[in-house]
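User: I am new to this structure and would like a close look at one part. Please walk me through the charged side-chain contacts there.

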Amino acid sequence: MNDSSWGAPQGTGHRAAPEMRAAPAGPAYDVHIAQQTRPMPIVPDVPDAGRDADDRDDRDQGAARLSGGPLFRDEKLQEPMSTAPPPPPKKRAGRDLGAAIGVGVGLGAVVVASLFIVKAVFVGVIAVAVVVGLWELTSRLEERKGIKAPLLPLAVGGAAMVVAGYARGAEGAWAAMALTALAVLVWRMTEPPEGYLKDVTAGVFAAFYVPFLATFVAMLLTAGDGPQRVLTFLLLTVVSDTGAYAVGWRFGKHKLAPRISPGKTREGLFGAVAFAMVAGALCMQFLIDGGFWWQGLLLGLAVAASATLGDLGESMIKRDLGIKDMGTLLPGHGGIMDRLDSLLPTAPVVWLLMVIFVGSG
C-alpha cells in the first residue's frame, strides 16, 4: 500500500478530499452527526383566521383550564361556594296525614252514629274493637317473643266483659275478668307445659289491658246522659293527643321520655294539658248535666296525664317487641291498638271523676 491510497475508500480511484484529511482526531460518530445536523427553520406565527375552528376551540379550552376561566364562551364564571350553614330541614309528620285524617273522620262518624242512635250498637262497637285489639296484641307477642297467649278464651271473655260491664256495672266487669283469667289458665293446659307460665301471664295481662279497661267506656254509657259522657271522654282524649302533636311538632325541643318515645316532648305535654283543659271546661259546662267548667279543667288535666301515660305504656311494649305499630289495619294510624293506647287507661279515669263530680246516674 502506498501513501497515495491512505484514507481513500475502497473501490474508488480518486484521492480523499483535503478537508477530510484535515479533520481533527475524534470518534467517528462525531463527524457523522455533525454532517447530518441541520438548523431548524424558523416558522412565523400564523393568525387564527387560517386555523380550523376546532383547533381554536381546543386552544381556548386549554387556556381556560390554565386560567380558571369558563370552558365555553356562553358559560358564566362559577360563584365561590358559600360557607354559610345550610338551613335546617323542615319538620315532617311521621305518618300519612291525609290518610290518618280520613280514617279518623270515618271512625268518628261510626262511633257518633252508633252512640246516639242505639246504645247497644255502640256496646257492640266496643266489643269488636276489643277482639281486634286482642288479636293484634297476641299476634305480635307470638311473632316477636314466642309467647302464645290463648286468643280464643281471651276474645270470648273480652267481649263478655264489655257486655257485663254495661249490664251489671263494675261488679259484672270484675266477675267477667276473673272468669276470663281462669279460662286462660285452663285453656293453656291442653298444650305442653314448656312456656306455660309466660303464656298465661301474658294472657291475663292482655285480658286486663284491653277488655277490662274498655268496660269503663260501657259503664259510662249506662248513665242517663251516657252518650254525652262517652262523647266527652272521646273528645278530651282526641283533643289531648292533637294538642300534644301540634305543639310538640311546632315547638318541641326538650324530649319527654327519649328512651321510650323519642318523638314526645315536654312542650307537647304542655300542649296536651292546655288543649284538654279548655275542651274539658267546655264539655262539662255544656254537655254534662250538673257539670261546671272548673270540674272540666280538672278533668282535662287528668285526661292529658292518663292519655300521655297510656301512649308511653304502649310505646314501651312496642319498643320491647321491636316494632313500630301493632298492626296495619288503619291506614295512617297503624292498628286498632295504636288508637286504643291512650283511650284504654283514660276510660277508668273519666268514669271515676264523672262519678265524683256528677254521680253515676
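Which side chain meets D338 in a salt bridge?

Analyst: The model is predicted, so every value here is computed from it. The partner of D338 is K318. Their side chains form a salt bridge, with 3.0 Å from N to O.

Look at where the two residues sit. K318 belongs to helix α10, which covers residues 293-321. D338 belongs to helix α11, residues 337-340. The two positions are 20 residues apart in sequence, so the salt bridge ties those parts together. Both K318 and D338 are buried.

The pair does not stand alone. E314 joins K318 and D338 in a network of salt bridges.

Now set this part against the rest of the model. The count of salt bridges comes to seven. Among them is the pair R188 and D199, at 2.8 Å from N to O. This pair also links distant parts of the chain. R188 lies in helix α6, residues 151-188. D199 lies in helix α7, residues 196-221. Eleven residues separate the two. R188 has a relative accessible area of 3%, so R188 is buried. D199 is buried too, with a relative accessible area of 3%.

Another of the salt bridges joins R229 and D225. Here the N to O distance is 2.8 Å. Buried means under 20% relative accessible area. R229 has 4%, so R229 counts as buried. D225 has 6%, so D225 counts as buried as well.

To return to the part you asked about: K318 and D338 are buried, and they share a salt-bridge network with E314.

Technical notes
Residues are numbered from 1 along each chain as its sequence is written. This is a predicted model: local features need pLDDT of at least 70, side-chain atom pairs count only at pLDDT 80 or more; totals for chains, interfaces and linings use all residues. Side-chain values use heavy atoms; hydrogens and water are left out. A salt bridge is a side-chain nitrogen of Lys or Arg within 4 Å of a carboxyl oxygen of Asp or Glu. Helices (H or I, at least four residues) and strands (E, at least two) are DSSP runs, numbered from the N terminus. Buried means under 20% relative accessible area, exposed over 50%, partly exposed in between (1.4 Å probe, protein chains only).
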